[in-house]
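Trainee: I would like to go through this model one feature at a time. May I ask short questions and get reasoned answers?

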Amino acid sequence: MKVRNVTAVVVGAGQAGLAVSRELSRRNIDHLVLEKGTVGHAWRTARWDSLRLLTPNWANGLPGARYRGPDPLGFMAARAFVDTLDAYAERISAPLELETEVLEVRRTEPGFRLMTNRGPLGCRALVVATGGCAEASVPGFASGLPGQIVQTTPSRYKRPSDLPAGGVLVVGASASGVQIARELQASGRPVTLSVGSHLRLPRRYRGCDIEWWLDALGILDETLEEVDDIARVRRTPSPQIIGGPHPVDLAALQDSGIEIVGRLAAIRDDMALFSGALAHVCKAADLKLARLLQRIDDWAAGHAPEALGTVADRPDPTPIPAAPRLSLDLSSGEIASIVWATGYRPDHAWLSGLPIFDRRGRLAHNGGVVRGVPGLYALGLPFLRRRRSPQISGAGPDAYDIAADLEALLRHSPGPALAPLAPPVRSARPAHFRRVL
């Protein structure tokens, strides 16, 4: 079969893939954007019905397309964001090839050969923009569950009616786990939430959305060079917040009737065994939260003193049950289903023929430049170059950097691009404290 050739290929048509497509077009680099489904495939197929973005609308602009709607402080439904991606792809005239799945990648000189379900494709540079959340990460001991228990993950779960009547064990207390636990409890199901390490954040603090504070303090723009342990930071769980005013921290969930237990450590003889360190992990999360809120207060004293005139609405320490249970009999009928909200991992199986993985099977890269394979790049991974990388607002800055590196490679120059473009202007937070009250 004849091989089509193009200078660059971008795999993935979510916010990261579309952002880098725009940057490549601005540099007059011919390219194709391949997507195994349609634009925003994961947003369409792997999100539950009620999900809203965790960041307010003002923070969700794409490169060259800031949010200009009527509700900058609101939270867009995930399905509405799909419409935003569709419109953006049309606006930037992205060279899309949809329903095109990459099956295998081989190294050639001086580039790559992609085997797809629509035939082979050759390119000089390849950008992997499939993100870090392609597959749910489920522990191996899940196979030891009694057969009558229904198992699902946040990427398969759509609504409470998907699950049978009866109790639900939600494993994992990051953003997905706490939101799904709250929804299931509201549907009338008894819910037990298994809690491991987590990141506790308030939705609002001193009258402002927490995203406003993180942006104002420059925390989201911290770079690789500004953190002491990038591997640890990349493992940071998503925060316990929801796209709306309702708190979903462990205190609020317990108030609603949800039982919390420690991390699920094992399943043996139909028994779920939980760690006894629940108090420790909750105290650690409370201490990190207190340090962040103090950092906000210190910054506000010099930059937004009017904020200090508002109520310092610091949450109380997480309440811990006097004797959280350490085991649960899964054969008793108390639990009818389990939601494995235990994180995600990228799907790089189609890249397995390349020597690009570390000893743990993770993509080895430096700021999205894959090590040892010139011309191979990645986007949409946790803390790619800055802390905001996995957010929608991080797509533009990272795409600009990767496109500049790619252009330099094509020009056979180790330095910056010969004709650098102006960096993208990311979504601007409301400029003054009182504007976000």
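Mentor: What follows is a set of questions and answers about this predicted model.

Trainee: How many salt bridges does the structure hold?

Mentor: A salt bridge needs a side-chain nitrogen of Lys or Arg within 4 Å of a carboxyl oxygen of Asp or Glu. R159 and D162 fit this, with N to O at 3.2 Å. For the structure, the number of salt bridges is 29.

Trainee: Is E23, which forms a salt bridge with R22, buried or exposed?

Mentor: The closest N and O atoms of E23 and R22 are 3.4 Å apart. Buried means under 20% relative accessible area. E23 has a relative accessibility of 0%, so E23 counts as buried.

Trainee: What is the relative accessible area of E104, the salt-bridge partner of R106?

Mentor: R106 and E104 have their closest N and O atoms 3.4 Å apart. R106 is partly exposed, because its relative accessibility is 44%. E104 is also partly exposed, and its relative accessible area is 33%.

Trainee: Which residues are joined into one network with R22?

Mentor: Take a single pair before the network: R159 and D162 form a salt bridge of 3.2 Å. R159 is partly exposed at 35%, and D162 is partly exposed at 37%. Where salt bridges share partners, they join residues into one network, and here R22 is joined with E23, R26, R27, E407 and R411.

Trainee: Where is P110, the residue after the cis peptide bond from E109?

Mentor: Most residues other than glycine have a negative phi, and most peptide bonds are trans. The bond from E109 to P110 is cis, with omega near 10 degrees. P110 is found in the loop between β4 (102-107) and β5 (112-116).

Trainee: What is the relative accessibility of N28?

Mentor: N28 is not a glycine, yet it has a positive phi of about 60 degrees. Its place is in the loop between α1 (15-26) and β2 (31-34). N28 counts as exposed, because its relative accessibility is 73%.

Trainee: Which residue takes a positive phi in the hairpin of β14 and β15?

Mentor: β14 and β15 run antiparallel and are joined by four bridges. The hairpin has two residues between the strands. The residue in question lies in the loop between β14 (264-268) and β15 (271-274), and it counts as exposed because its relative accessibility is 76%. With a phi near 50 degrees, the residue is D269.

Trainee: Which residues make up the uncovered face of β15?

Mentor: In a regular strand the side chains alternate between the two faces of the sheet. In β15, A272 and F274 are on the covered face. The uncovered face is made up of M271 and L273.

Trainee: What is the bridge partner of L273 in β16?

Mentor: β15 runs antiparallel to strand β16 (residues 327-329), and three bridges join them. On the β14 side, A266 stands opposite L273. In β16, the bridge partner of L273 is S327.

Trainee: Which side chain is joined to that of E97 by a polar contact of 2.7 Å?

Mentor: E97 lies in strand β3 (residues 96-97). E97 counts as buried, because its relative accessibility is 12%. Leaving aside neighbours within four places in sequence, its contacts include L32, V33, L34, E35 and R118. The polar contact of 2.7 Å joins the side chain of E97 to that of R4.

Terms used:
Residues numbered from 1 in each chain as written. Predicted model: local features only at pLDDT ≥ 70, side-chain atom pairs only at ≥ 80, totals over all residues. Heavy atoms only, no water. Buried < 20%, exposed > 50% of the residue type's maximum accessible area, 1.4 Å probe, protein only. Polar contact = N/O pair within 3.5 Å; in protein donor to acceptor, adjacent residues only side chain to side chain. Contact = heavy atoms within 4.5 Å. Pairing = 2+ DSSP bridges.
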